[in-house]
Amino acid sequence: MGHPGASANPYRIGEAAALLGVSADTMRRWVDAGRVVAERDEHGHRIIPGARLAAFARELARPETAAAEGRPSSARNRFPGIVTAVVLGDVAAQVEIQAGPFRVVSLISRESAEELELVPGAPATAVIKSTNVMIERR
């Protein structure tokens, strides 16, 4: 059983959308279509309980989605975005991707960066598989 109040964290439509990296309009469409169920707060605003939003987020990130798109992988942390910077060195390249509100910076081989044609403006996905991930609570 989770900690007390785990299901109490309600999110307004805009907050939920920001957490999932989509527009508020997309979030409203998902609510209107019944993909995620919202409730009304005391002011009549639509809110989504935290536990319900978490379950929906897990559904969106299912590995089957990646497999259906032709990119099966054991990595579960995928951040699609756009390359914003590439710094090429003699052997390595520093690649920066903006994935929604998240900035991801990776150090890869120069050869890989060139083979993948990673240049500012190119679409790319940061795929993260790590045994050392730190989590901060806001």
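What share of the contacts in the chain with a separation of 6 or more comes from residues 24 or more positions apart? In this predicted model, the share is 45%. The chain holds five helices and seven strands, and, read from the N terminus, these elements run β-α-α-β-β-α-α-β-β-β-α-β. Of the 138 residues in the chain, 21% are buried.

Start with the sheet that involves strand E1. Three strands make up this open sheet, in the order E1-E3-E2, and their pairing is antiparallel. Strand E1 (10-12) and strand E2 (39-40) sit at the edges, each pairing on one side only. Between E1 and E3 there are three bridges, with the two strands running antiparallel; Pro-10, for instance, has Pro-49 in E3 as its bridge partner. Two helices pack on this sheet. H1 touches E1 and E3, and its direction makes about 95° with that of E1. H3 touches E1, E2 and E3, with its direction at about 75° to that of E3.

Helix H2 (residues 24-32) comes next. Its buried residues include Thr-26, Met-27, Trp-30 and Val-31. Looking down the axis of H2, the buried residues fall within an arc of 140°, so they line one face of the helix. That fits a general rule: an α-helix has 3.6 residues a turn, so residues three or four places apart point the same way. Over on the other side of H2, Arg-29 and Asp-32 are exposed. And what covers the buried residues of H2? The cover includes helix H1 (13-20), strand E3 (46-49) and helix H3 (50-60). After H2 comes Gly-34, which has a positive phi, near 85°.

Trp-30 also turns up in the search for aromatic pairs, which finds two in the whole structure. Trp-30 and Phe-56 form an edge-to-face pair, at 5.1 Å centre to centre and with 70° between the planes. This pair ties together distant parts of the chain, since Trp-30 belongs to helix H2 and Phe-56 to helix H3, 26 residues apart. Are these two residues, Trp-30 and Phe-56, buried or exposed? Both Trp-30 and Phe-56 are buried.

The other pair is formed by Phe-79 and Phe-102. Their ring centres lie 6.3 Å apart and their planes are at 65°, so this pair is edge-to-face. Here too, distant parts of the chain are linked: Phe-79 is in strand E4 and Phe-102 in strand E6 (residues 102-109), 23 residues apart. As for burial, Phe-79 has a relative accessible area of 29% and is therefore partly exposed. Phe-102 also counts as partly exposed, because its relative accessibility is 43%.

Turning to the nonpolar cores, the largest has eleven residues in all: Val-83, Ala-93, Val-95, Ile-97, Ala-99, Val-104, Ala-113, Leu-118, Ala-122, Ala-124 and Ala-126. Two elements, strand E5 (92-99) and strand E7 (123-128), give two or more residues to this core. E5 gives the most, with four residues. Ala-113, one of the core residues, touches Leu-88, Ala-93, Ile-108 and Leu-118, leaving aside residues up to four places away in sequence. There is also a second, separate core of ten residues, which includes Ile-13, Met-27, Val-31 and Phe-56.

E5 has a partner in E6: eight bridges join these two strands, which run antiparallel. One of the pairings puts Ala-93 opposite Ile-108 in E6, its bridge partner. The hairpin of E5 and E6 has two residues between the strands, and in this hairpin Gly-100 takes a positive phi near 60°.

Finally, Val-87 lies in strand E4 (residues 77-88). Not counting residues up to four places away in sequence, Val-87 touches Ala-92, Ala-93 and Gln-94. The C-alpha atoms of Val-87 and Leu-107 are separated by 9.5 Å, and these two residues are 20 apart along the chain.

Key:
Residues are numbered from 1 along each chain as its sequence is written. This is a predicted model: local features need pLDDT of at least 70, side-chain atom pairs count only at pLDDT 80 or more; totals for chains, interfaces and linings use all residues. Side-chain values use heavy atoms; hydrogens and water are left out. Contact means heavy atoms within 4.5 Å. Buried means under 20% relative accessible area, exposed over 50%, partly exposed in between (1.4 Å probe, protein chains only). The arc is that of the directions from the helix axis to the C-beta atoms. Rings of Phe, Tyr and Trp (its six-membered ring) pair if their centres lie within 6.5 Å; planes under 30 degrees apart count as stacked, over 60 as edge-to-face and the rest as tilted. A nonpolar core is a set of buried Ala, Val, Leu, Ile, Met, Phe, Trp, Tyr and Cys residues joined through side-chain atoms within 4.5 Å. Two strands pair if DSSP finds at least two bridges between them. Axes are lines fitted to C-alpha atoms, for helices over the stretch in contact, and angles run from 0 to 180 degrees between N-to-C directions.
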